[in-house]
Amino acid sequence: MHKNEFANTNKRDKVTNLPIQKPSAVIDYNQKMGTVDQTDMLLSSIGCLRKSLKWYKKLFLHFIDTSLLNAYSLYLVNTGKRPSFAEFHINLIGQIIEKYHEARVQVHRGRPSTSEDRPLRLIERHFPSLVPPTEKKKNPTRYCCVCGANKKRKESRYMCKDCDVALCVVPCFKTFHTIKNF
């Protein structure tokens, strides 16, 4: 791009009063240096460079930073919006996580539990509901399962739909869903 030639800098030497000349490559570099400084300044605020002895890791992370800066520049030109570079960076990370996030599979350690150890009625969420009406009865009742286990015969209009058992709202519903051997 540059030839082997000198150009005037429009400055004079203080001692000899002769015009100062520099290679044209140096003059061109100094004129364009502002853009490089601005790029370095923007990248320093979000830079993901880490201490590493591997040069290729640093180079790869610098390419990521540079591509992020290019994406920011394109965003400014195409949308006309003016978020800060840090805001753009955070929004981009959020969008990437939102798009590619996968739920972790939890690994349980220790002795595996069986369904007898923790029945679903103890770990899932259940809500009381009315016993559904039939053709013969508008407000039907069923025998409470907890009261029956305690040798009481008590009817209730409420039930747990998920477990398909009739329960008194207080205290049998709570007892049935929190105590293993009620």
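**Close-up 1. Residue I90 in helix α3.** I90 is found in helix α3. This is a predicted model. I90 is exposed, with a relative accessible area of 56%. In sequence, I90 and I46 are 44 residues apart. In space, their C-alpha atoms are 9.8 Å apart.

**Close-up 2. Helix α2 and the helices beside its buried residues.** Helix α2 covers residues 55-79, which makes 25 residues. At 1.5 Å a residue, α2 should span 36 Å. Its end C-alpha atoms are 36 Å apart, so the expected span and the model agree. Which residues of α2 are buried? They are D65, L68, L69, Y72 and L76. An α-helix has 3.6 residues a turn, so residues three or four places apart point the same way. The buried residues of α2 pack against two helices, α1 (24-46) and α3 (85-100). Just after α2 comes G80, with a positive phi of about 80 degrees.

**Close-up 3. D28 and its partners.** D28 is found in helix α1. Is D28 buried or exposed? D28 is buried, because its relative accessible area is 17% and the cut-off for buried is under 20%. Leaving aside neighbours within four places in sequence, D28 is in contact with M1 and H2. With H2, the link is a polar contact of 2.9 Å between the two side chains. D28 also forms a salt bridge with K32. The closest N and O atoms of that pair are 3.8 Å apart. D28 and K32 both lie in α1, four residues apart, which is about one turn of the helix. K32 is exposed, at a relative accessible area of 51%.

**Close-up 4. The salt bridge between D164 and R142.** How many salt bridges does the structure hold? It holds two. One of them joins D164 and R142, with the closest N and O atoms 3.5 Å apart. D164 lies in the loop between β6 and β7, and R142 lies in strand β4 (residues 142-143). The pair therefore ties together parts that are 22 residues apart in sequence. D164 is partly exposed, with a relative accessible area of 49%. R142 is partly exposed too, at 30%.

**Close-up 5. The largest nonpolar core.** In soluble globular proteins, nonpolar side chains tend to be buried together. Here, the largest nonpolar core has ten residues in all. They are C144, V146, C147, C160, V165, L167, C168, C172, F173 and F176. Which elements give two or more residues to this core? They are α5 (145-149) and α6 (172-178). Helix α6 gives the most, with three residues. Now look at C172. Leaving aside neighbours within four places in sequence, C172 is in contact with C144, V146, C147 and L167. Another core lies apart from this one. That other core has eight residues, among them I46, L69, L76 and F85.

**Close-up 6. An open sheet of three strands.** Strands of a sheet pair through backbone hydrogen bonds, either parallel or antiparallel. In this sheet, the order is β3-β6-β7. The sheet is open, and its pairing is antiparallel. Which strands are the edge strands? They are β3 (128-130) and β7 (165-166), and each pairs on one side only. Strand β6 (residues 158-160) pairs with β7 over two bridges. Across this pairing, M159 stands opposite A166 in β7.

**Close-up 7. The hairpin of β1 and β2.** Strand β1 takes in residues 6-12, and strand β2 takes in residues 19-23. The two strands pair in the antiparallel sense over four bridges. N8 stands opposite Q21 in β2. Together, β1 and β2 form a hairpin with six residues between them. In the turn, N17 has a positive phi of about 60 degrees. How many of the seven residues of β1 are buried? The count is zero, and this strand is hardly covered.

Definitions and conventions
Residues numbered from 1 in each chain as written. Predicted model: local features only at pLDDT ≥ 70, side-chain atom pairs only at ≥ 80, totals over all residues. Heavy atoms only, no water. Expected span 1.5 Å × (residues − 1). Buried < 20%, exposed > 50% of the residue type's maximum accessible area, 1.4 Å probe, protein only. Contact = heavy atoms within 4.5 Å. Polar contact = N/O pair within 3.5 Å; in protein donor to acceptor, adjacent residues only side chain to side chain. Core = buried A, V, L, I, M, F, W, Y, C linked by side-chain atoms within 4.5 Å. Pairing = 2+ DSSP bridges. Salt bridge = Lys/Arg side-chain N within 4 Å of Asp/Glu carboxyl O.
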